[in-house]
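Reader: I am new to this structure. Please show me how to read it, one feature at a time.

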Amino acid sequence: MLWIVLGYLSGSWLAAVSVCRWAGVADPRFCGSCNPGFSNVLRLYGPRLAAATLALDALKAVPVVLAAKWLALPIMWQGLVGLTVLLGHSFPLWYGFRGGKAVASAFGVLLVLVPSVALLSAAIWALMAWRLGTAALASVASALLAPLLCAWLAPAYTGVVGGFSLLVLARHMLNIRRWRQGEEPPLRK
């Protein structure tokens with residue numbers, strides 16, 4: 001139970017809010033798409049602050065998930081700890097349960113649990129974001145492909161990665177609806 005609480009608490013720190021505060025710019029939860037994540041920070045404030053947001057949101061997952069893996073907890077428990085990081089990011093207690101989409105945090109969790117799947121998913125995300133011009137569709141594509149990559153490269157983690165993917169997909173339902181209506185904002189202006 002301790003690891004689940006620690007996972008939620010580590011996930012519930014929103015890097016975008018802190019990065020923007022440190023840079024002296026407006027809180028991204030109240031500007032642009034109002035999402036405290038990489039793509040909104042990129043659209044609002046450029047690549048430097050967006051890169052810091054991405055790195056910190058990914059890194060915040062590493063200590064608690066790495067500890068669960070080092071302690072040789074069963075794969076399902078490792079996955080549960082990782083999932084609580086993502087839930088903390090998506091529904092942070094400190095911010096009225098209004099958080100981000102958990103893509104960068106999922107990358108950090110995957111980097112610890114199944115590094116090959118994390119790196120391939122990131123490459124797919126980058127290719128799709130460049131090709132389609134939207135972060136949301138790139139996130140959906142990489143979330144859909146991650147369990148398939150996992151089945152091929154690390155079959156024992158397929159169920160866990162599938163759970164992460166479902167959360168990321170659920171968090172992007174509004175984006176999918178906006179994309180279908182032609183209203184999804186581009187990654188860069």
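Reader: How far is the sulfur of Cys-20 from the closest cysteine sulfur?

Author: A disulfide is a covalent bond between the sulfur atoms of two cysteines. Here a disulfide is counted when two cysteine sulfur atoms lie within 2.5 Å. The sulfur of Cys-20 is 8.3 Å from the closest one, in Cys-31, so the distance is too great for a bond. For Cys-34, also in no disulfide, the nearest cysteine sulfur is again that of Cys-31, 7.1 Å away. A search of the whole structure finds zero disulfides.

As to the source, this is a predicted model: local features need pLDDT of at least 70, side-chain atom pairs count only at pLDDT 80 or more, and totals for chains, interfaces and linings use all residues. Residues are numbered from 1 along each chain as its sequence is written, and side-chain values use heavy atoms, with hydrogens and water left out.

Reader: Is Cys-20 buried or exposed?

Author: Buried means under 20% relative accessible area, exposed over 50%, and partly exposed in between (1.4 Å probe, protein chains only). Cys-20 has 0% relative accessibility and therefore counts as buried. Cys-34, at 32%, counts as partly exposed.

Reader: Which residues of the largest nonpolar core touch the most other members?

Author: A nonpolar core is a set of buried Ala, Val, Leu, Ile, Met, Phe, Trp, Tyr and Cys residues joined through side-chain atoms within 4.5 Å. The largest one has 29 residues, and Val-65, Val-109, Leu-113 and Val-114 touch the most other members. Helix 10 gives the most to this core, six residues; helices are DSSP runs (H or I, at least four residues), numbered from the N terminus. A second, separate core has seven residues, among them Val-19, Cys-20, Leu-42 and Ala-50.

Reader: What does helix 3 pack against?

Author: The buried residues of helix 3 are Ser-39, Asn-40, Val-41, Leu-42 and Arg-43. These pack against helix 2 (15-23), helix 4 and helix 9, where contact means heavy atoms within 4.5 Å. Just after helix 3, Gly-46 takes a positive phi of about 95 degrees.

Reader: How many residues line the largest pocket?

Author: Rolling a probe the size of a water molecule over the atoms shows where empty space is left. On a 1 Å grid over the protein atoms alone, a pocket is an open set of points where a 1.4 Å probe fits, with protein on both sides within 12 Å along at least five of seven lines; lining residues have an atom within 4 Å of a point. The largest pocket is lined by 42 residues, and Lys-101, Val-103, Ala-104, Ser-139 and His-172 lie nearest its centre.

Definitions and conventions:
Helices (H or I, at least four residues) and strands (E, at least two) are DSSP runs, numbered from the N terminus.
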